[in-house]
Amino acid sequence: MREKRCTRLWKRYARLVVALLLGSAPALLAPWARADAQPPPPDPGERAPAIGRAWPVGTRPTVLRGWEPPATVYGPGHRGVDLAATPGTPVRAVAAGRVSFAGRVAGRGVVSVELTGTDVRTTYEPVRASVKKGDAVAAAEPVGTVEPTATHCPVTCVHWGLLRGDAYLDPLTLLPPWLLHTGPSRLLPVLDVPLPPESASYAG
């Protein structure tokens, strides 16, 4: 009788141990699961297709701070480009696409556009949106105006981001060379035709 009672107790104890182990398995495996779910860190060499047809603001705005990819997913860095812009300045889509988000995040207006024919999307903030989710936008079409909110820039600016999935890329890779070029126009000399005096200083 005593033997049977001991056997029952051991079986009950064994079931309890198994249940506890199975119940704690998710907690034990959670750190590895979270690590696998983390987005990859930005790849400095990864580029987007150069399909841009306009700067987000202005013609050739001042880049206050460039893209500085962090060494790790959550490490320090700058996941976009800051462009100087005064409040009320129109913010334009750099290329054709469809608005995937237009709203507020942490108190700031944000607009995100998925670019047509690509797997990338651009983000602009702080922006007072003039578009809504689902709207199709053409290249250089306004999506809003610069909000007069405090930012991390020394002056009012637009933070321009570019993502492929959860990975950040350098937004400037969207712009072709003719948009990135900032030097003065140069007049090439024509054989036997003298240059006008005001153009001589720009001759190659």
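Here a biologist and a modeller talk through a disulfide and a sheet in this predicted model.

Biologist: How many disulfides does the structure hold?
Modeller: Let's begin with what the word means. A disulfide is a covalent bond between the sulfur atoms of two cysteines. Here cysteine 153 and cysteine 157 are joined in this way, with their sulfur atoms 1.9 Å apart. The number of disulfides in the structure is one.

Biologist: Is the disulfide of cysteine 153 and cysteine 157 right-handed or left-handed?
Modeller: We can look at the torsion about its S-S bond, which is about 65 degrees. From that torsion, the disulfide of cysteine 153 and cysteine 157 is right-handed.

Biologist: Is cysteine 157 buried or exposed?
Modeller: A residue counts as buried under 20% relative accessible area. Its partner cysteine 153 has 12%, so cysteine 153 is buried. Cysteine 157 has a relative accessibility of 1%, so cysteine 157 is also buried.

Biologist: Now to the sheet: which strands stand at the edges?
Modeller: The sheet is open, with three strands in the order 3-9-7 and antiparallel pairing. Each edge strand has a single partner strand, so one side of it is left without a neighbour in the sheet. The edge strands are strand 3 (90-92) and strand 7 (127-129).

Biologist: Which residue in strand 9 stands opposite valine 127?
Modeller: Strand 9 covers residues 142-146 and pairs with strand 7 in the antiparallel sense, over three bridges. Across from valine 127, the residue in strand 9 is valine 146.

How values were computed: Residues numbered from 1 in each chain as written. Predicted model: local features only at pLDDT ≥ 70, side-chain atom pairs only at ≥ 80, totals over all residues. Heavy atoms only, no water. Disulfide = S-S within 2.5 Å. Buried < 20%, exposed > 50% of the residue type's maximum accessible area, 1.4 Å probe, protein only. Pairing = 2+ DSSP bridges. Helix = DSSP H or I, 4+ residues; strand = E, 2+ residues; numbered from the N terminus.
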